[in-house]
Amino acid sequence: MGEDADTKNINNSFLPDYVTEADVISTVEFSHRGDLLATGDKGGRVSHEPDFDYLKSLEIEEKINKIRWIPQHNAARFLLSTNDKTIKLWKVPVLKPTDLMVEVSPRRIFANGHTYHVNSISVNSDCETYLSADDLRINLWHLDITDRCFNIVDIKPANMEDLTEVITAAEFHPQHCNLFIYSSSKGTLRLCDMRASALCDQHSKLFEEPEDPGNRSFFSEIVSSISDVRFSHSGRYLLTRDYLTVKVWDLNMERGPIETYQVHDYLRSKLCSLYENDCIFDKFECSWNGTDSVIMTGAYNNFFRMFDRETGRGVTLEAARETGKAHAVLRTRRVRAGGKRRKDQVTVDSLDFTKKILHMAWHPTDNIIAIAATNNLYIFQDKVSYDIQ
Amino acid sequence: MSEEIEETKNIEETTTDERKEMEDKVISPEKAEEAKLKARYPHLGSKPGGSDLLRKRLQKGQKYFDSGDYNMAKAKMKNKQLPTATAEKTEITGDHIPTPQDLPQRKPSLVASKLAG
């Protein structure tokens, strides 16, 4: 993993594109106890070498899409990672006190399970199985068995002309090993029970917010596509991210979310250009804090948002190094839709849409967050936690 | 004289149209953006989430015909009997011999492809 990510600050105009592209961090994940942080990047570091499917000359993208830790049972530490096609199991060596970073070593390769691009992996609470999801299918694997898997969801239509939605994310329930959720490009969530049947094409619950027909526009379906879904630590709620909002759902209520937070509503008047430059298809992740009281998600201009569920209030922060001091306190930012710009405000027109915070992770117990901003990794800590040290 | 009257009428109509447009913008910035998009791309289909867009999403990434691979796969086929695979499995991975006809058209630029159909 080369240089310290914190000091690396590659200026696009001075370096050839391929160097910058490979350094872009594509996934971040804390371990269950929060003592380790894993990152994957577009160059396939942490794991993958670019490989070729020899019979089809299809170049498989190295970019690591997701990393998930395996809950620790003995001294050994393992994590799962996936690129577009292949899932790998890695062993993490025991850290010495002087180690800042360690090299993981590959232990198992789970190949050829997916025809389409893998978007999610999720380790089951039974610690023996995990699921992997691509655009049309979800597979169930055993961590010890690499040469076969079970297909548990298949939404591929007989005729591809009839395709109306794709799977965008999937996750196992944190406590109930038989339950998993998956989200779609149409903004729906489906809870499936593996005890109900072997093939979970029929859902146990379908979560969908009714659409307001008066508000429907060309962009409605595209912005409703769910890019990420996460169970709360309690297992009682779901957090989803679509293009403009984050929503909290109660597992017991299918008819709509219980909370909706606007991430960057000012983009509604920019949808035409965001469609033209493909930004409208950006896939943002979202995250819960350890007590499920605060939720977090990324935005543009290296901004990210946090919402306090108790007060309903949101704050905008910027993933950037405050000039000078290393431990400066982050100032809150404000985006102004129009009119006269006040000090400390950023106008919508000046937002940098190439600076997107897509990937992030919240420490499982402490108020420490990891934010991937293109090729930089920022670690932010709550002031109280910092003072206690 | 009649010309004058017509002119007045036209002005009134325009004001109503403008007012409606302003109302639309106030009510729904999304609808205003949609109008902008359709003005730029008049042939844009009415179903944005339709199968065309999704299929292009699924096909992300270039695929090439490689004669070396073609010959390698042919040689492999000669040596062993392949188990029957389901039709869609041979589509992308597996021991299917790629031929030029199998590979989809080179993906055009994304903006153009969104406009097709």
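## Strands, cores and cysteines in a two-chain model

In strand E8 of chain A, Ile109(A) is the bridge partner of Lys88(A). The model is predicted.

### The E6-E7-E8 stretch of chain A

Lys88(A) sits opposite Ile109(A) in a pairing of E7(A) with strand E8, residues 105-110. Five bridges hold that pairing, and the two strands run antiparallel. E7(A) also pairs with strand E6, residues 77-82, again in the antiparallel sense. Here the bridges number six. One of the matched pairs is Phe78(A) with Lys91(A), the latter in E7(A). E6(A) and E7(A) make a hairpin, with four residues between them.

How many of the six residues of strand E7(A) are buried? Five are, and the strand, residues 87-92, is mostly covered. In general, strands of a sheet pair through backbone hydrogen bonds, parallel or antiparallel.

Further along chain A is strand E10, residues 129-133, which holds Thr129(A). Thr129(A) is buried, at a relative accessible area of 12%. Leaving out residues up to four places away in sequence, Thr129(A) touches Val123(A), Asn124(A), Leu140(A), Trp141(A) and His142(A).

### A four-stranded open sheet

Chain A also has an open sheet of four strands, in the order E17-E18-E19-E20. Its pairing is antiparallel. Strand E17 (228-231) and strand E20 (259-262) are the edges, each pairing on one side only. From one strand to the next, the twist averages 15°.

Strand E19(A), residues 245-250, is joined to E20(A) by four bridges. These two strands run antiparallel. Within this pairing, Val248(A) has Glu259(A) of E20(A) as its bridge partner.

### The nonpolar cores

Which residues touch the most other members of the largest nonpolar core? They are Tyr243(A) and Ile280(A), in a core of 36 residues. Several elements of chain A each supply at least two residues of this core: helix H2 (220-224), strand E18 (237-241), E19, helix H3 (271-276), strand E21 (286-288) and strand E23 (303-308). The largest share comes from H3(A), with four residues.

A second, separate core has 14 residues. Among them are Met306(A), Ala319(A), Met360(A) and Tyr378(A).

Back in the largest core, Tyr243(A) has a long list of contacts beyond its neighbours within four places in sequence. They include Val223(A), Leu267(A), Leu271(A), Leu274(A), Phe284(A) and Tyr300(A). Ser225(A), His264(A) and Asp282(A) are on the list too. So are Cys279(A) and Ile280(A).

### Cysteines without partners

A disulfide is a covalent bond between the sulfur atoms of two cysteines. How many disulfides are there over all chains? The count is zero.

Why is Cys279(A) not bonded to Cys272(A), which has the closest cysteine sulfur? The two sulfurs are 13 Å apart, too far for a bond. The cut-off for a disulfide is 2.5 Å between sulfur atoms. Cys279(A) is also buried, at 6% relative accessibility.

Cys286(A) is likewise in no disulfide. For Cys286(A), the nearest cysteine sulfur belongs to Cys192(A) and is 19 Å away. Cys286(A) is buried, with a relative accessible area of 0%.

### Two positive phi angles

Two residues of chain A have positive phi without being glycine: Asp278(A) and Asn301(A). Asp278(A) is in the loop between H3 and E21 of chain A. Asn301(A) is in the loop between strand E22 (294-298) and E23 of chain A. Are they buried or partly exposed? Asp278(A) is partly exposed, whereas Asn301(A) is buried.

| Residue | Phi | Relative accessible area |
|---|---|---|
| Asp278(A) | near 70° | 23% |
| Asn301(A) | about 65° | 12% |

### Chain B

Chain B has six helices and zero strands. Its elements run α-α-α-α-α-α from the N terminus on. Of its 117 residues, 20% are buried. Chain B exposes about 8,900 Å², and carbon and sulfur atoms supply 55% of that area.

What share of the chain B contacts between residues at least 6 apart in sequence joins residues at least 24 apart? The figure is 76%.

How values were computed
Residues numbered from 1 in each chain as written. Chains lettered and ligands numbered in written order. Predicted model: local features only at pLDDT ≥ 70, side-chain atom pairs only at ≥ 80, totals over all residues. Heavy atoms only, no water. Pairing = 2+ DSSP bridges. Axes fitted to C-alpha atoms, helices over the stretch in contact; angles between N-to-C directions. Core = buried A, V, L, I, M, F, W, Y, C linked by side-chain atoms within 4.5 Å. Buried < 20%, exposed > 50% of the residue type's maximum accessible area, 1.4 Å probe, protein only. Contact = heavy atoms within 4.5 Å. Areas by Shrake-Rupley, 256 points an atom, 1.4 Å probe, with all protein chains shown as cover.
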